[in-house]
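Open the model in your viewer and keep the selection panel at hand. The tour goes from one helix pair to the aromatic rings.

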Amino acid sequence: MGLNHYLSDHTDRTITISVVLIAIVAGSVGTMTYLRGKILLSDVIAHSSLAGVYGAFIIGSILAPAAARDMSILIPGALIGGIAATVMCQFLDRYSPLTSSTGLAVTIATLFGTALLLLHHINLAPYPQKGGMSSYLLGNVAHLTQRDLQQILVVSCAVTAVLAIGFRHCSWVIVDPEHAALRGVPVRLVQSVLNGCLVAGTVVGITAMGIVLMVSMLAMPAVGMRPWVRSIRALVFSACAMAAATACIGSFVSIVYSLPTGPVITLTLAATAGVSLLAASIRERLASRSHAHPPAYVCATAAKSDNPHTSERGAR
């Protein structure tokens, strides 16, 4: 398959645009999550939203069997599952003797175990559209439609707009929550909005990337670009650009060679982030060597200025 055929095919364009939108949302939301030190929370939300997806499918199969696999039913279910995971983590952190990491482990074990139980029930029950429900673990872009693309576009635009409008307050809360509270910023409200954007950004990619691989999409762009920038705004833009570029390359490679899109994009992103971190490490080593061993002309100039005879000649 050539590039012209890839660009002219409607299905390939739909897949590429969908994964690019998901990557941009993951890059922006993941950067905020990474700077807050809440990457593990994104893992919990990704696995926990699976319970909401399967629960929504069961309810949709009972109420509207023909539309049980529609994204308009599954995405709200995933949102409910992600919000339930966030609320459960906050409750255990505030009102239980468990540590934060232990609360995350309890939440993911409970809700992901529930998801596997619901998946087992779906496989045994005579639901008409139950085929391929396990694909939400690793993603499947083959059945993406134009309506799915429109829904992904709506969610992506909503999340991006919320982050853009509240970027200043979000940055203050990320850098110093106490100082932000002194300036009158509602810290808990901003944190709740960031958690909501994290939930929405995670569940919007369940169809294409899968629940498991969305965690890497959230984490790796920010990790790969962190050594190269010095501001939150620059990190957000660079992480989005990196995620979008790797999504384009990965989707093209997966379509040309008939490979699963989600894993290919994830491997491409991991390789790009690894090269970025390696280049940043080499740059730091070269910079430290240049500071530790200045050039010869600098040493000669310093020695000449320290020589009293040379200084006297210069004065004469």
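The stops below cover a helix packing and then the aromatic pairs of this predicted model.

**Stop 1: two packed helices.** Select residues 71-95, helix H4, and residues 187-203, helix H9. The two pack at an angle of about 140°, and their axes are 9 Å apart. That angle makes H4 oblique to H9. The crossing of H4 past H9 is right-handed.

**Stop 2: the contact itself.** Show side chains for Ile75, Ala78, Leu79, Gly82, Ile83, Thr86, Gln90 and Arg94 on the H4 side. They meet Arg188, Asn195, Val199, Ala200 and Val203 of H9. Sorted by class, the contact between H4 and H9 holds seven nonpolar, four polar and two charged residues.

**Stop 3: aromatic pairs.** How many aromatic pairs does a search of the whole structure find? It finds two.

Select Phe57 and Tyr127 for an edge-to-face pair, with 5.9 Å from centre to centre and 80° between the planes. This pair links distant parts of the chain, 70 residues apart. Phe57 sits in helix H3 (residues 39-63), while Tyr127 is in the loop between helix H5 (100-124) and helix H6 (146-165). Both Phe57 and Tyr127 are buried.

Next, select Phe91 and Tyr95: their ring centres are 5.4 Å apart and their planes are at 45°, so this pair is tilted. Both residues belong to helix H4, four residues apart, or about one turn of the helix.

**Last stop: Tyr95.** Is Tyr95 buried or exposed? Its relative accessibility is 62%, so Tyr95 counts as exposed.

How values were computed
Residues are numbered from 1 along each chain as its sequence is written. Side-chain values use heavy atoms; hydrogens and water are left out. Axes are lines fitted to C-alpha atoms, for helices over the stretch in contact, and angles run from 0 to 180 degrees between N-to-C directions. Angles under 35 degrees count as roughly parallel, over 145 as roughly antiparallel, 65 to 115 as roughly perpendicular and the rest as oblique. A crossing is left-handed if the near helix is turned anticlockwise from the far one by less than a right angle, and right-handed if clockwise. Contact means heavy atoms within 4.5 Å. Ala, Val, Leu, Ile, Met, Phe, Trp, Tyr, Cys and Pro count as nonpolar, Asp, Glu, Lys and Arg as charged, and the others, Gly among them, as polar. Rings of Phe, Tyr and Trp (its six-membered ring) pair if their centres lie within 6.5 Å; planes under 30 degrees apart count as stacked, over 60 as edge-to-face and the rest as tilted. Buried means under 20% relative accessible area, exposed over 50%, partly exposed in between (1.4 Å probe, protein chains only).
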